[in-house]
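Open the model in your viewer and keep the sequence panel beside it. The stops below go from the whole chain to a sheet and then to a single residue.

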Amino acid sequence: MEFINQQKEKANNEIFEQQNLNKKDCNLRLAKCEEYRLEIVKSANKLLEEIKTKIEKTTIFLENHHQTTLLKIEKEAQELLGEYYLLANEKQELKKLVQALENKIKGYGDEYLIPNQTILNDLIDGYDHVDAAQYLKSIREKVKSAIKENRVAECDYVEDNRKNTAIAFITNAFNGKADAHLARIRHDNVGKIVEAVKEDYLLLNNYGQAFRNARITSEYLNLRLEEIKWAALVQEFKVREREEQREIREMIREEERARKEYERAMKEAEKDALALQKAYEKARKEFELASDDQKLKYDEKLKELTEKLKVAEEKSQRAISMAQQTRAGHVYIISNIGSFGEDVLKLGMTRRLEPMDRIRELGDASVPFTFDVHAMIYSDDAPTLERKLHHYFNHQRVNKVNYRKEFFRVGLNEVKEFLESENISAKFTLKAEALQYRESLRIEALPDDEQRELEDRIEKIELNNPIEIELEEG
């Protein structure tokens, strides 16, 4: 038995030693694998850098080759065409001059409105009003320095007196025009102003050819154009700030109206609850004194009063809850086809306890017809829901410039589908009644004498009873 145990122990020791050897061998192999992997990664990174370098060199070569080829082609064209090439260039310059003169005579059309927003959007990111005003001030200092250091214009006269006279003449002419344009700058006409200054530069330099090529430098032109762009940006900030202040004032008024509405609702609910409570106590006492036959009648009355008390309590709690929640409100989806046409919706929100009061305000004297309500969605966080809708339909805004105008060219079904995708349940009315609009169309279709007779009758009713007239169908 002892021999067996010795052999067993010997075998276990051999197994343990073999396991240690295997483990060491395995660790050694893993270390070699990791070393090999790192070497492969290093080689791959090196190859990647070499490829990037080759790509950059190839790109530079192709660009240089492209430029060289263009210059070669232009040179060959000049040699081949000779005088005709120069005439072609002169034709292009004359074409620009003709266009500039036509613009000066006829004015600048709407085609120059698009660059306005492009310019402002490029500049406005990352700046506020103070930054823009400071940057405009620095540009104006550069303009003054350029004038003081005679870096505005050039001339080919050799004699100093003539040269200085020609430069002074063209400098004063260009600055006079640029300053006049700057005086007319607004946030919404920068595109036209920029184009007008460019064309003044072109025309004056053309006139300056008669005085040994007296000309405004392109560097000074660019400086004055920068001045115009930043002056427009300052104007844009002023407009936006005024709009934001108006929006804040409107928000304060809206919240104040909502607060008064909540307070009125709570007082009315308390008054109703008190009256119902008294009626309930009275009915309960009468119930206790009533005979068995009368108790059935009083029991029904008590049930009715209990239900009314419950409704009054719920109304009071809802008013208190909405008054306490600063973000609770209703998101509305409304249309006004008589004023804005088909498939134009206003997507907004109100914190009023009675949201229809807000809808009636929107349909006041500023629009010819009242709004139709397609959905009124209560939300504990109405501003967030409103922002979601605005963001999703951002591309379909009617006013692409002022995002405080909440009108969107979108179908009701699209809005409904979006809300469903957000798991927001809402009861929709897809058809716009537009009663006053449709009735107005019906009146316009009547024979002239009938139409005038009906208009006189409506006017008479309005004078006697100056409230909104709801016309009957037919």
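Accessible areas here come from the Shrake-Rupley method with a 1.4 Å probe, and for residues only the protein chains shown count as cover. Select the whole chain: about 33,000 Å² is exposed, with carbon and sulfur atoms supplying 53% of that area. This is a predicted model, in which local features need pLDDT of at least 70 and side-chain atom pairs count only at pLDDT 80 or more, while totals for chains, interfaces and linings use all residues. Residues are numbered from 1 along each chain as its sequence is written, and side-chain values use heavy atoms, with hydrogens and water left out.

**Confidence**

Colour by pLDDT, the predictor's confidence in each residue, from 0 to 100. The chain average is 75, and 68% of the residues score at least 70. Among the elements, helix α3 (residues 114–124) has the lowest mean, 48, and strand β6 (residues 407–409) the highest, 94. Now select residues 110–119, where pLDDT is below 50. Where pLDDT is low, the predicted coordinates should not be read in detail. Residues 467–474 also stay under 50.

**Secondary structure**

Switch to cartoon, which should show 14 helices and six strands. These are DSSP runs numbered from the N terminus: helices are H or I with at least four residues, strands E with at least two.

**The four-stranded sheet**

Select β5, β3, β4 and β6, which in that order form an open sheet with antiparallel pairing. Two strands pair if DSSP finds at least two bridges between them. At the edges are β5 (372–379) and β6, each pairing on one side only. Strand β4 (residues 344–350) is joined to β6 by three bridges; zoom in on L345, whose bridge partner in β6 is F408.

Add helix α11 (residues 382–392), which packs on the sheet and touches β3 (329–335), β4, β5 and β6. Its direction makes about 160° with that of β4. Angles run from 0 to 180 degrees between N-to-C directions, with axes fitted to C-alpha atoms, for helices over the stretch in contact. Helix α12 (residues 412–421) lies across β3, β4 and β5, at about 155° to β3.

**I139**

Move to helix α4 (residues 129–148) and select I139. Is I139 buried or exposed? I139 counts as buried because its relative accessibility is 3%; the cut-off for buried is under 20%, with exposed over 50% and partly exposed in between. Beyond neighbours within four places in sequence, I139 is in contact (heavy atoms within 4.5 Å) with L223, E226, E227 and W230. For a distance check, pick R224: its C-alpha is 8.3 Å from that of I139, across 85 residues of sequence.

How values were computed. Buried < 20%, exposed > 50% of the residue type's maximum accessible area, 1.4 Å probe, protein only.
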